[in-house]
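Colleague: I am new to reading structures, and I would love a close look at one part of this one. Could you pick a single spot and walk me through what surrounds it?

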Amino acid sequence: MINWLPRYLFNFVAFILIQVLLLNNLQLSTFMNPYIYVLFIITLPFSTPRWLLLILGFITGLTLDIFMNTWGIHASATVFMAFLRPFVLSSFSPRDGYEPGTLPVPADYGFGWFFKYAAIMVTTHHLFLFFVEAFSMADFFLIFWKSVLSALASLIFIFIAMLFARNKSRTL
């Protein structure tokens, strides 16, 4: 994993900059807020320890909170997503487990597998984010609708980003 440190550092900076400079200024509608920064946590190697996932989730969310002045909302949602990641990956794991040296990306496991995995991760992140942001169940269906539409918009941007990924086959 130490050999991949520059790559993941670049991914972290790139996803945060794309989010802050482009997507936060993109006004799709009042119900659609695409968040591509979650792709950093989604594409970390399978072998990433759980404690490191939580720390990286916190740092990623806190960085976005600093830029967006949201007081920890993104940090809590990203830590929640990082906490759920091992459970989601284990539910989608092949019978023999994941092959050593592969990553959770479409190039290694196909678009169908990646779509299911990313959809669950992004949707749980968005549901947590928007319910914590509202901090009320008064407008449950409105918040749920906003979460679903934002998750769809995020998934579209995530798949566009994955199409621009250069390497077809990656090994650790």
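Modeller: Let's start with tryptophan 113, in a model that is predicted. Is this residue buried or exposed? Its relative accessibility is 12%, and because anything under 20% is called buried, tryptophan 113 counts as buried.

Now look at its ring partners. Tyrosine 98 forms an aromatic pair with tryptophan 113, and the arrangement is edge-to-face: the centres are 6.0 Å apart, with 75° between the planes. This pair links distant parts of the chain, since tyrosine 98 is in the loop between helix 4 (73-91) and helix 5 (106-134), while tryptophan 113 is in helix 5, 15 residues apart.

On to another partner, tyrosine 117. Here the rings of tryptophan 113 and tyrosine 117 are stacked, at 5.2 Å centre to centre and 25° between the planes. Why can these two meet like this? An α-helix has 3.6 residues a turn, so residues three or four places apart point the same way. Tryptophan 113 and tyrosine 117 are four residues apart in helix 5, and therefore about one helical turn separates them. Tyrosine 117 is also buried, with a relative accessibility of 0%.

If you step back a little, a cluster comes into view. Ring pairs join Trp113 and Tyr117 with others, including Phe46, Tyr98, Tyr109 and Phe159. Further members of the cluster are Phe111, Phe114 and Phe115. How many aromatic pairs does the structure hold? There are 19.

Phe159 is a handy bridge to helix 6, which covers residues 140-163. This helix has 24 residues and reaches 34 Å from its first C-alpha to its last, close to the 34 Å expected at 1.5 Å a residue. Phe159 is one of its buried residues, and Ile143, Leu149, Leu155, Ile158 and Met162 are among the others. Part of the cover over the buried residues of helix 6 comes from helix 5, and helix 2 (39-42) is included too.

Rings can also have a charge for company. The charged end of arginine 50 sits over the ring of phenylalanine 87, 5.2 Å from its centre. Elsewhere, arginine 7 lies over the face of tyrosine 8, at 5.0 Å from the ring centre.

For a contrast without rings, try threonine 78 in helix 4. Its relative accessible area is 0%, so threonine 78 is buried. Apart from neighbours within four places in sequence, threonine 78 is in contact with Tyr37, Ile41, Gly57, Thr60, Gly61 and His125.

Finally, let's put the spot into the whole protein. The secondary structure consists of six helices and zero strands, and along the sequence the pattern reads α-α-α-α-α-α. The radius of gyration is 16 Å, close to the 16 Å that the globule rule gives for 172 residues, so the protein is as compact as a globular protein of that length. Its C-alpha trace spans about 45 × 30 × 30 Å along the principal axes. Buried residues, such as tryptophan 113, make up 45% of the 172 residues. Of the contacts between residues at least 6 apart in sequence, 71% join residues at least 24 apart.

How values were computed:
Residues are numbered from 1 along each chain as its sequence is written. This is a predicted model: local features need pLDDT of at least 70, side-chain atom pairs count only at pLDDT 80 or more; totals for chains, interfaces and linings use all residues. Side-chain values use heavy atoms; hydrogens and water are left out. Rings of Phe, Tyr and Trp (its six-membered ring) pair if their centres lie within 6.5 Å; planes under 30 degrees apart count as stacked, over 60 as edge-to-face and the rest as tilted. Helices (H or I, at least four residues) and strands (E, at least two) are DSSP runs, numbered from the N terminus. Buried means under 20% relative accessible area, exposed over 50%, partly exposed in between (1.4 Å probe, protein chains only). A charge sits over a ring if NZ of Lys or CZ of Arg is within 6 Å of the ring centre and within 35 degrees of the ring normal. The radius of gyration is taken over C-alpha atoms; the globule rule is 2.2 Å times the number of residues to the power 0.38. Contact means heavy atoms within 4.5 Å. The expected span of a helix is 1.5 Å times one less than its number of residues.
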